[in-house]
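Work through the exercises below with the model open beside you. Try each task before you read its solution.

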Amino acid sequence: MIPEIGHYALVLALGLALIQAVAPLAGARANDPALMSVADTTALAQFLLVAISFAALIYCYVTSDFSVATVFENSHSAMPLIYKFTSAWGNHEGSMLLWVLILSLFGALVSLFGNNLPPTLKANVLGVQSWIAAAFFLFILLTSNPFARLADAPLEGRDLNPILQDLGLAIHPPLLYLGYVGFSISFSFAIAALIEGRIDAAWARWVRPWALMAWMFLTIGIAMGSYWAYYELGWGGWWFWDPVENASFMPWLAGTALLHSALVMEKRGALKVWTLLLAILTFSLSLLGTFLVRSGVLTSVHTFASDPLRGVFILAILVLFIGGGLALFAWRAPQLRQGGLFAPVSREGALVLNNLFLTTACATVLVGTLYPLALDALTGQKISVGAPFFNMTFGPLFVPLLMAMPFGPLLAWKRGDLPGVAQRLFGAFALGLAGVAITFAVARGGPVLAPFGIGLALFVIGGAVTDIVERSGVVQLPWATALKRAAGLPRSVWGGAVAHLGLGITLFGIVCETNWAAERIAAVKPNETFSLRQYDLTFEGLTPRQGPNYTEQVGTFTVRIGGDVIGKLQPSKRSFAARGSETSEAALFTRGVSQLYLSLGDAKPDGSVVVRLYHKPLVLLIWLGAVVMFLGGGLSLSDRRLRVGAPRPAKTKASALAAAE
Amino acid sequence: MTRKQRRITLIAVGLGVLGLAVALVLSALKDSIVFFNSPTDVLEKHVAVGMRIRLGGLVVPGSLARGDNLTVQFELTDGNHAVSVRYQGLLPDLFREGQGVVAEGALDQGGVFRADTVLAKHDENYMPKEVADSLKKSGHWKDDYGKKAVP
């Protein structure tokens, strides 16, 4: 009964989505407030229905109802409760349901908090949002019904893919989808603006919080996925330039560009058409990612099942929305009024440069991701485009962007003073150069690019700090005054600086990990000791252990530095009977922000085991930097001027400051 | 600067960055992509010694031999031909005899494939997509390859 309720709720949601796809748009055209306000109710009801449907699916998983096909295929009665819960979206059908749940959540949020929007814009946005929702409801109901029943209910399920039996599945997909799908709102705003044929600075102010929210979640979602891959796959790598990773990275790049160009539009009324285009492209890349991951054209841990019909269906959605969006753009955009003049050296100019590099870098990732697929389809030739390609293309495009980054926030709007800014960045320069010199001296003969990378990361970090220091006047003014000024700075200024700081921290971690990670593969017998750098590890032995739905062999290793025991590492190898598959669980030992990483290989007949040990200096900075970026986004979002649903402030201090900028 | 000059500056910078990107992509595509080959391709197309390729096939049952210092040797087949692969390091969790794997590396003078990476990137049927396609091409694909028993 419960699965049928879930299915039925989804069908009802489709019905509401179809109404919402027509009525508010017609209302906006006829200027009929009653018709327009239909969307407010339907958007909320849609979310409620999808939430009921999702809850029904969760219920089926938690109660191990194996008469439901997806539960049978992806769950097991012996699994711990948390994995029963998360396995609901650890498969194609369930993850699509999560996708539409988040899509309808955003629709509901616009309906709840979009009171400051002009009624026609709000109606159009919700209408467009509902087109997307209707397409994906249809997709789920026609090709990927998560509630399909089996004629004879089996007694036991086939278990979830062991790699997915991890807390990461509870965190990574929901966060990533909040980001991915969140950009649907910017898309809907862009299409709504094109339908109305009117766009102004206010549009950017309305769309920016939504884009910012999506960007925050995408940032943290990608970072959590990266950390999950790092500890779960046992290879010690945190980014593989895998097509599936690129699929989430491309919307991030485009979305970052969108945030910055919307800033220009909001403050100066320029780059309107470009911002619209970016809003369309960002969500198009999200859809492309969904297609790549869900259609089965790629093989990866994210590909759950490939049914050709699904691929074709998503491709059709993709063509419809990207093609339709771009066609509408080509038709209506030339009628929009251009605005805002600025000198090449100015804040606007810097942000244009930012957009240029971000979008070009995004394009190279797109080429690297799609080229193997295109070549395979056209010639049958199979190739792999891996890290070397992206290091050669993405790297050189991102470095100038990072070098220019500290300059941007310090340049004035309209007309900037480059020598003046360079002067103010003296401290950051000095920090960067000191980094280069020290790295060069300490790691002599090491990788050539390492000192440069460290210098660049420090320059970016120094630049972010300089931004706040300059604006608060810590150097020139007495402490108390400066502190007051710093506290009075708009939160969006703080947010921007913190986000830039986060990127610098991530970069620092990346440079350290790629240049100074050490690896050792060894075969060790019990009580044998092996070392890597200053760490000595003693293998204490292998013990079997029984888990809820697996058996494992746990290796115990004592970690010593110069004879002192500092910790214990217990990597294991798990066998999952239901799937007949094995996983290795790496053991991590964290010291500060550096990690020791130990994964267990095969046991040999003579009693020794093969182990792979890494020392990863400062590796945690990679993900901590992303967390800092997330917090920066949050700070910016809490800015009164940006807050969703906040009433227009009557000349507050913040807006007075902004006007004075 | 006039409006026109500003626009030209913008377009020039834009084209410059785009040109740089195209140049980077083209040179990277020439140098850094790796072609996938089946054992038959390797023998028939005379892949040059030392050229980096990916080799995929089924691990011949009984061919896996472990040597000192974590070296392993095994044979990869597509049903028509087999190529010896030598690798030093840890094999992935899902490496099994009789199942599909992809190895990346280059052929040496003696015709042995020296792999520096062994991937067992699988779909649900424990079969890398490239290997499945190449088996279908060589006519040795069986529909039940790697499939689990359906209860």
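**Exercise 1: The cores**

Leaving aside neighbours within four places in sequence, F136(A) is in contact with W99(A), V100(A) and L103(A). The model is a predicted one.

Task: find which residues touch the most other members of the largest nonpolar core, and which helix supplies its largest share.

Solution.
- Step 1. The largest nonpolar core holds 184 residues.
- Step 2. V100(A), F136(A), F137(A), F189(A), A211(A) and L276(A) touch the most other members of this core.
- Step 3. Helix α9 (residues 201-232) of chain A gives the largest share of the core, 20 residues.
- Step 4. Another core, of 22 residues, lies apart from the largest one. Among its members are L76(B), V101(B), V102(B) and F113(B).
- Step 5. A general tendency fits here: in soluble globular proteins, nonpolar side chains tend to be buried together.

**Exercise 2: Chain B**

Task: describe the secondary structure of chain B and say what percentage of its residues count as buried.

Solution.
- Step 1. Chain B has three helices and seven strands.
- Step 2. Along the sequence the pattern reads α-β-α-β-β-β-β-β-β-α.
- Step 3. Chain B has 151 residues, and 31% of them count as buried.
- Step 4. Take the contacts in chain B with a separation of 6 or more. Residues 24 or more positions apart account for 51% of them.

**Exercise 3: Where the chains meet**

Task: state how many residues of each chain are in contact with the other, and which element of chain A gives the largest share of its side.

Solution.
- Step 1. Chain A brings 36 residues into contact with 31 residues of chain B.
- Step 2. On the chain A side, at least two residues each come from α13 (347-379), β1 (383-385), α14 (387-404), β2 (518-524), β8 (581-585) and β11 (609-616).
- Step 3. α13(A) supplies the largest share of that side, seven residues.
- Step 4. Sort the residues of the chain A side by type: 20 are nonpolar, 13 polar and three charged.
- Step 5. Strands pair across the chains too: β1(A) and β1 (residues 33-37) of chain B are antiparallel, over three bridges. S384(A) stands opposite V34(B) in β1(B).

**Exercise 4: A sheet and a hairpin**

Task: give the strand order of the open four-stranded sheet in chain A, and explain why β2 and β9 each have one side without a neighbour in the sheet.

Solution.
- Step 1. The order is β2-β11-β10-β9 (chain A), with antiparallel pairing.
- Step 2. β2 and β9 (587-591) of chain A are at the edges with a single partner strand each, so one side of each has no neighbour in the sheet.
- Step 3. From one strand to the next, the twist averages 15 degrees.
- Step 4. Inside the order, β10 (residues 594-603) of chain A and β11(A) pair over seven bridges. S599(A) has R612(A) in β11(A) as its bridge partner.
- Step 5. Now turn to β3 (residues 529-532) and β4 (residues 535-546) of chain A, antiparallel strands joined by four bridges. F530(A) stands opposite L537(A) in β4(A).
- Step 6. This hairpin has two residues between its strands, and R533(A) takes a positive phi near 50 degrees.

**Exercise 5: Two helices**

Task: decide whether α20(A) and α21(A) are roughly parallel or roughly antiparallel.

Solution.
- Step 1. α20 (residues 491-516) and α21 (residues 620-637) of chain A pack at an angle of about 170 degrees, with axes 7 Å apart.
- Step 2. Angles over 145 degrees count as roughly antiparallel.
- Step 3. α20(A) and α21(A) are therefore roughly antiparallel.
- Step 4. Their contact is made up of 16 nonpolar, ten polar and two charged residues.

Terms used. Residues are numbered from 1 along each chain as its sequence is written. Chains are lettered from A and ligands numbered from 1 in the order in which they are written. This is a predicted model: local features need pLDDT of at least 70, side-chain atom pairs count only at pLDDT 80 or more; totals for chains, interfaces and linings use all residues. Two residues are in contact if their C-beta atoms, placed from the backbone, lie within 7 Å. Ala, Val, Leu, Ile, Met, Phe, Trp, Tyr, Cys and Pro count as nonpolar, Asp, Glu, Lys and Arg as charged, and the others, Gly among them, as polar. Two strands pair if DSSP finds at least two bridges between them. A residue is buried if 20 or more other C-beta atoms lie within 10 Å of its own, exposed if 12 or fewer, and partly exposed in between; C-beta atoms are placed from the backbone. A nonpolar core is a set of buried Ala, Val, Leu, Ile, Met, Phe, Trp, Tyr and Cys residues joined through C-beta atoms within 7 Å. Axes are lines fitted to C-alpha atoms, for helices over the stretch in contact, and angles run from 0 to 180 degrees between N-to-C directions. Angles under 35 degrees count as roughly parallel, over 145 as roughly antiparallel, 65 to 115 as roughly perpendicular and the rest as oblique.
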